[in-house]
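Here's a quick briefing to read alongside the model. Take a look at the fold as a whole, then zoom in on its last stretch.

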Amino acid sequence: KGKQLQEQGMYLEAVAVYKRAILADKKYDSSYLALASLYLRISQNDSAVQVLKAAIKMKPGLTAAHELMGMVYRDYIRNSAEAMLHYTNAVKLDSTNKASWYALAWCCNDLKRYEEAIAYAVKALDIDNAYRPAYNEMAHAYRKLGTYKEAIAAFRKRLDVSVTDQPLYYSGLCYIELKDKEG
């Protein structure tokens, strides 16, 4: 019912339905996630945080709640350090989630911790070598560090595993920075 109301643009009514669902079954984690997502949609970030805290308290191993909390802090509240805490919890629970590894790389780049960003991007690419967002974060970090030769070597390694356009593109940008037209 909450999703139906939400699709109809009846957000306040949907909030009430999700709250009733949580009261009816405090362990039904989907209600918490749906309510938190709806709060974000209607720009009630603090309410989303409170709902997610309740979800995590109720079920500490709820990976999706940790991921969503990380996203709230990264994209809505703009606190990359706090976001990293939640994404770190998410990858402790599910180390195969490339999106959380990518998000950690993004946060590190935002905090100007470029070496860490590269390490996290590599973890995402180890899961999915064609995951474009991870290449973006890796390339950004290498560019900020000015380590173009290392970037080219890293992208070549990736190309050996699977040919995708992202490492080719970023290798080209590194060659431009090195003023190596032939490369």
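A residue counts as buried under 20% relative accessible area, as exposed over 50%, and as partly exposed in between. By that yardstick Tyr169 is partly exposed, because its relative accessible area is 49%. Bear in mind that this is a predicted model.

**The chain overall**
- We're looking at 11 helices and 0 strands, so to speak an α-only string of elements from the N terminus on: α-α-α-α-α-α-α-α-α-α-α.
- The C-alpha trace spans about 65 × 30 × 30 Å along its principal axes.
- Of the 183 residues in the chain, 45% are buried.
- Accessible surface for the chain adds up to about 10100 Å², and carbon and sulfur atoms own 52% of that.
- Take the contacts with a separation of 6 or more: 45% of them come from residues 24 or more positions apart.

**Helix H11**
- H11 covers residues 165–177.
- Does the length agree with the count of residues, or what else do we get? At 1.5 Å a residue, its 13 residues should span 18 Å, and the end C-alpha atoms sit 19 Å apart, which agrees.
- Which residues of H11 are buried? They are Gln166, Pro167, Tyr170, Ser171, Cys174 and Tyr175.
- Looking down the axis of H11, those buried residues fall within an arc of 165°, so they line one face of the helix.
- The general background is that an α-helix has 3.6 residues a turn, so residues three or four places apart point the same way.
- Just after H11, Lys179 takes a positive phi of about 55°.

**Two tyrosines side by side in the numbering**- Tyr170 lies in helix H11, and Tyr169 is found in H11 too.
- Is Tyr170 buried or exposed? Tyr170 is buried, because its relative accessible area is 14%, which is under the 20% cut-off.
- Setting aside neighbours within four places in sequence, Tyr170 is in contact with Tyr135, Asn136, Ala139 and Phe155.
- Thr147 is 23 residues away from Tyr170 along the chain, and their C-alpha atoms are separated by 12 Å.
- Tyr169 joins Leu173 and Ile176 in a nonpolar patch on the surface. Together, Tyr169, Leu173 and Ile176 have about 310 Å² of accessible area.

Key:
Residues are numbered from 1 along each chain as its sequence is written. This is a predicted model: local features need pLDDT of at least 70, side-chain atom pairs count only at pLDDT 80 or more; totals for chains, interfaces and linings use all residues. Side-chain values use heavy atoms; hydrogens and water are left out. Helices (H or I, at least four residues) and strands (E, at least two) are DSSP runs, numbered from the N terminus. Buried means under 20% relative accessible area, exposed over 50%, partly exposed in between (1.4 Å probe, protein chains only). Contact means heavy atoms within 4.5 Å. The expected span of a helix is 1.5 Å times one less than its number of residues. The arc is that of the directions from the helix axis to the C-beta atoms. Patches are made of residues with over 30% relative accessible area and no salt bridge: like charges are joined within 9 Å, nonpolar side chains (Val, Leu, Ile, Met, Phe, Trp, Tyr) within 5 Å. Accessible areas come from the Shrake-Rupley method with a 1.4 Å probe; for residues, only the protein chains shown count as cover. A salt bridge is a side-chain nitrogen of Lys or Arg within 4 Å of a carboxyl oxygen of Asp or Glu.
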